[in-house]
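Please find below a colleague's note on the model shown here. The points are numbered for ease of reference.

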Amino acid sequence: MQLTNKKNIYIIAISNVILGGILIKMSSAVIKIIIFTIVVFVFIYVVKNSEKFLIKKEKINKKIFKIILVLTSIILIIIMLKFIYKNINGIILNIDAYNFSKNSQEMIDLFDKEIKKENKYYFSKISLNYDLEKSKKPYIFEGFKYIEGEWNTGFVIEDENNNQYVWVPCSNIENEEIVKLEKYNFDNPAFISKDLCADDSYEKFIESALSNGGFYVSRFEIGNEENKPVSKKNVNLWSNITIEEAKEITSKMYENSNINCELINGYAYDTALNWISKTNEISPISFDVEKEEIKAGRNVFNNIYDLADNIFELTLEKSYDTIIIRGFVKDEDYKERNRYSILKEENNFTSNNLLTMRCILYK
């Protein structure tokens, strides 16, 4: 490149400034910084070796020329520094976005494997043969007693502390009297599909429910009675809890016995809801928790209370990085939704939906 007069020298300086401005508009912060830096260093090189680019040196005041080039270089460096400072956050955000995307994909892949593993186990058990008559003969745990109801209308048992539970008959096939143990999508289309969910714990429950013809579910949502979890009517609900707290509370209800007691899972909830839906016309109720005092025992179907309203229940079911909660809320299309999700650390859903829990018992 050869320049013959000052005009061309100034054009170089102006062109570089303009080029720097154009580069600022480029989409990639990293590429902009690299190219901008190259431009500046090329210009500095021209300043340092300016005499090499001049032919008619006698016509140019070299001192003034160098001052102009130095000042222009300083301006470019300042612009470059401001540009780098402005775009460094963009670079950090790009790195964070990349890492988030990478970690999210790993999480999705791992959870998809969980779903496949659970489905494989479920279908291996559901395909076996079972005695359907066991559904009609509910077992009773040691220390419990029968209270009321028939096996197909709500067989209720009670422990020595007056906590009550209801038998949910089920098997690997469905007929007029017995429902199939499985997950259901009660919405069409489903707000959150059962096919995108997996449970924290399911093996022992599935095997027990199928082998014994059913399982027990707490008759009421778990209440707080003197800081003890209970399944009783007219007790204040145990609310403002996270999933980990709910799992710990329910697991300790019968920890010194042979009874398996845990937070309700997706199979148990769907099977129980499907069972009561077969013989009842369910019309969910909405409560204003900010104006009404909500206690256990609000509505009942087949001797099971509190399933059909906007008071939500934590479950062992999850969908990728969220926890599945169950309850009924009508959305803007007036469709009753039943599966919602929250983050693991959350202890509420909305200001008008208490978040509580329900447990299951099985042997």
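**Notes on the predicted model**

1. The structure holds 0 disulfides. The coordinates come from a predicted model, and the points that follow should be read accordingly.

2. Cys359 is in no disulfide, and the nearest cysteine sulfur, that of Cys261, lies 4.0 Å away. Because a disulfide requires a pair of cysteine sulfur atoms within 2.5 Å, a separation of 4.0 Å does not qualify. Cys359 is buried, with a relative accessible area of 0%. Cys197 is likewise buried, at a relative accessible area of 4%.

3. Which residues does Ser218 touch, leaving aside those up to four places away in sequence? The contacts are with Gln164, Tyr165, Ser231, Arg358 and Cys359. Ser218 belongs to strand β6, which covers residues 214-218. The relative accessible area of Ser218 is 0%, so Ser218 counts as buried. The Cys359 discussed above is thus one of the contacts of a buried serine.

4. Strand β12 spans residues 312-319, and 8 of its 8 residues are buried, so the strand is largely enclosed by the rest of the structure. Both of its faces are covered. On one side the buried residues are Phe312, Leu314, Leu316 and Lys318; on the other they are Glu313, Thr315, Glu317 and Ser319. The reviewer may wish to note that Lys318, Glu313 and Glu317 are among the buried residues.

5. How is β12 joined to strand β5, and do the two run parallel or antiparallel? Strand β5 (residues 198-199) is linked to β12 by 2 bridges, and the pair runs antiparallel. Within this pairing, Ala198 has Lys318 of β12 as its bridge partner.

6. Strand β15 (residues 355-356) is also joined to β12 by 2 bridges, but here the strands run parallel. Glu313 stands opposite Thr356 of β15. Both β12 residues named in these pairings, Lys318 and Glu313, are buried, and they lie on opposite sides of the strand.

7. Helix α6 comprises 14 residues (266-279) and reaches 21 Å from its first C-alpha to its last, close to the 20 Å expected at 1.5 Å a residue. At the start of the helix, a side-chain oxygen of Asn265 comes to within 3.0 Å of the backbone nitrogen of Tyr267.

8. Why is α6 described as largely enclosed by the rest of the structure? The reason is that 11 of its 14 residues are buried. These are Gly266, Tyr267, Ala268, Tyr269, Asp270, Thr271, Ala272, Leu273, Asn274, Trp275 and Ile276. Tyr267, whose backbone nitrogen Asn265 approaches, is therefore one of the buried residues of the helix.

Key:
Residues are numbered from 1 along each chain as its sequence is written. This is a predicted model: local features need pLDDT of at least 70, side-chain atom pairs count only at pLDDT 80 or more; totals for chains, interfaces and linings use all residues. Side-chain values use heavy atoms; hydrogens and water are left out. Helices (H or I, at least four residues) and strands (E, at least two) are DSSP runs, numbered from the N terminus. Buried means under 20% relative accessible area, exposed over 50%, partly exposed in between (1.4 Å probe, protein chains only). Contact means heavy atoms within 4.5 Å. Two strands pair if DSSP finds at least two bridges between them. The expected span of a helix is 1.5 Å times one less than its number of residues. A polar contact is a pair of N or O atoms within 3.5 Å; within protein, one must be able to donate a hydrogen and the other to accept it, and residues adjacent in sequence count only if both atoms are side-chain atoms.
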